[in-house]
Amino acid sequence: MSEHPRDRFDLVPDAAAEAAFLDAFDRGRLHHAWLLCGVEGSGKASFAYRAARRLLGAAPDPSRGLLGTRPDDPVARLITAQSHPDLLILERAVEGGKTKKSISVDQARDLPEFFSKSPSQAKYRVAIIDAADDLNLNAANALLKVLEEPPERGVLFLVTHAPGRLLATIRSRCRRLAFPVWPPHALEELVRNRTGVPSAEAARIAGMAAGSPGQALALASGATLEADQLAQAWVAAPVVDRAEVMAVADKFRGADGQERFETLIDRLAAAVKVRALEEGASGARWAELWERLSDLPDRTAAINLDRADVLAGALADLQRTKARA
């Protein structure tokens, strides 16, 4: 299972973003709402938790970056345990082992009540929405009401992978921090330092991660890297071995079956996307397949489809695309 952003202490997402935030904090010009923009996995949520630790009183640890703190700091330990009374997290809820498709209006309505109270242990109350893209329309309108009347001693972080999809009235009330993609050499160094994999393997992972440190670290984990290698082989092979597919699908039935399924489909979609880009103008069918694969995990969870059947259908779709391309 990949590491949650609240548990990351040694990943500095973007030094410029941290400097901008710390400058506003030190000068007493802290904006009440921060829109954290960038591709998925670029460190936006990690930044939000790093900033939250500082706002909630964790002692600085410069060896871990401008907003760095120690994992054993009392405030940091409360946040890691998800028990700090002055921190509210809004993310898609999990019910019956399934992740909801959106953040509901009922969840968003927790914000006004949370910010209506005075901080109990810190100077601020902090809320993180990860990700604001997941807010349904009613939830977005509930958030807007909070932004229209900024809470005293309240700070809100909105993680967004696609800011253009948010309501313009939400965007206009936030200070924006952009998180750029990482260059390959930085991703390679990150992977080597965090996982100890050989340089050649780290370079390959960096090339697959599309500038995303979160994606690079996920790919460096054994299960994800295995899924990526399998997906690339399936896209490249003239015909996929049916026995191999059945053996893979059998692993979807375990306790981590959903995560295995989502990881494999994600890597299959990524491999198909690369193929579409390689084909250029003639890659329309591959691009269409990529779009269909990208929707599969959510659709599978939403209507409780059998994951083995979905994988078989996806590979049949892949085979048809190969035949027609």
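Helices (H or I, at least four residues) and strands (E, at least two) are DSSP runs, numbered from the N terminus. The model in these views is predicted.

**View 1. Gln82 sits in a loop with a positive phi.** This loop runs between helix H3 (74-80) and strand E2 (87-90). The phi of Gln82 is near 60 degrees, and Gln82 is a residue other than glycine. Is Gln82 buried or exposed? Its relative accessible area is 58%. Exposed means over 50%, so Gln82 counts as exposed.

**View 2. Ala210 also has a positive phi.** The value is near 55 degrees, again in a residue other than glycine. Ala210 lies in the loop that joins helix H9 (199-208) to H10. With a relative accessible area of 61%, Ala210 is exposed.

**View 3. A cis peptide bond joins Asp130 to Ala131.** Look at the omega angle of this bond: it is about 5 degrees. Where does Ala131 sit? Its place is the loop between strand E5 (125-130) and helix H6 (137-148).

**View 4. Phe21 and Phe157 form one of the aromatic pairs.** The structure holds eight aromatic pairs. Here the ring centres of Phe21 and Phe157 are 5.8 Å apart, and their planes meet at 50 degrees, so the pair is tilted. The pair links distant parts of the chain. Phe21 belongs to helix H1 (residues 15-26), while Phe157 belongs to strand E6 (residues 154-160). In sequence they are 136 residues apart. Both Phe21 and Phe157 are buried. Look further around them: ring pairs link Phe21, Trp34, Phe47, Phe157 and Phe179 into a cluster.

**View 5. Phe114 and Phe115 make an edge-to-face pair.** Two values describe any such pair. A pair of aromatic rings is described by the distance of the centres and the angle of the planes. For Phe114 and Phe115, the centres are 5.1 Å apart and the planes are at 65 degrees. Planes over 60 degrees apart count as edge-to-face, so this pair gets that name. Phe114 has a relative accessible area of 9% and is buried. Phe115 is buried too, with a relative accessible area of 9%.

**View 6. Glu113 is in helix H5 (residues 110-116).** How accessible is Glu113? Its relative accessibility is 49%, so Glu113 counts as partly exposed. Now find Val146. Glu113 and Val146 are 33 residues apart in sequence. In space, their C-alpha atoms are 9.9 Å apart.

**View 7. Helices H8 and H10 pack at an oblique angle.** H8 covers residues 184-195, and H10 covers residues 213-220. The angle between them is about 45 degrees, and their axes are 10 Å apart. The two helices are therefore oblique to each other. Their crossing is right-handed. H8 brings Leu187, Leu190, Val191, Arg194 and Thr195 to the contact. H10 brings Pro213, Ala216, Leu217 and Ala220. By class, the contact of H8 with H10 has seven nonpolar residues, one polar and one charged.

**View 8. Helices H9 and H11 cross at roughly 70 degrees.** H11 spans residues 222-236. The axes of H9 and H11 come within 13 Å. Angles of 65 to 115 degrees count as roughly perpendicular, so H9 is roughly perpendicular to H11. H9 passes H11 in a left-handed crossing. On the H9 side, look for Glu201, Arg204, Ile205 and Met208. They meet Leu225, Asp228, Gln229 and Gln232 in H11. The residues of this contact divide into three nonpolar, two polar and three charged.

**View 9. Helices H14 and H15 run roughly antiparallel.** H14 is made of residues 284-302 and H15 of residues 307-324. They pack at about 175 degrees, with axes 10 Å apart. Angles over 145 degrees count as roughly antiparallel, and H14 and H15 therefore get that label. H14 contributes Arg285, Trp286, Leu289, Arg292, Leu293, Leu296 and Thr300 to the contact. From H15 come Arg307, Val310, Ala314, Asp317, Leu318, Thr321, Lys322 and Arg324. How does the contact of H14 with H15 divide by class? It has seven nonpolar, two polar and six charged residues.

How values were computed:
Residues numbered from 1 in each chain as written. Predicted model: local features only at pLDDT ≥ 70, side-chain atom pairs only at ≥ 80, totals over all residues. Heavy atoms only, no water. Axes fitted to C-alpha atoms, helices over the stretch in contact; angles between N-to-C directions. Parallel < 35°, antiparallel > 145°, perpendicular 65-115°, else oblique. Left-handed = near helix turned anticlockwise from the far one by under 90°. Contact = heavy atoms within 4.5 Å. Nonpolar A, V, L, I, M, F, W, Y, C, P; charged D, E, K, R; others polar. Phe/Tyr/Trp six-rings, centres within 6.5 Å; stacked < 30°, edge-to-face > 60°. Buried < 20%, exposed > 50% of the residue type's maximum accessible area, 1.4 Å probe, protein only.
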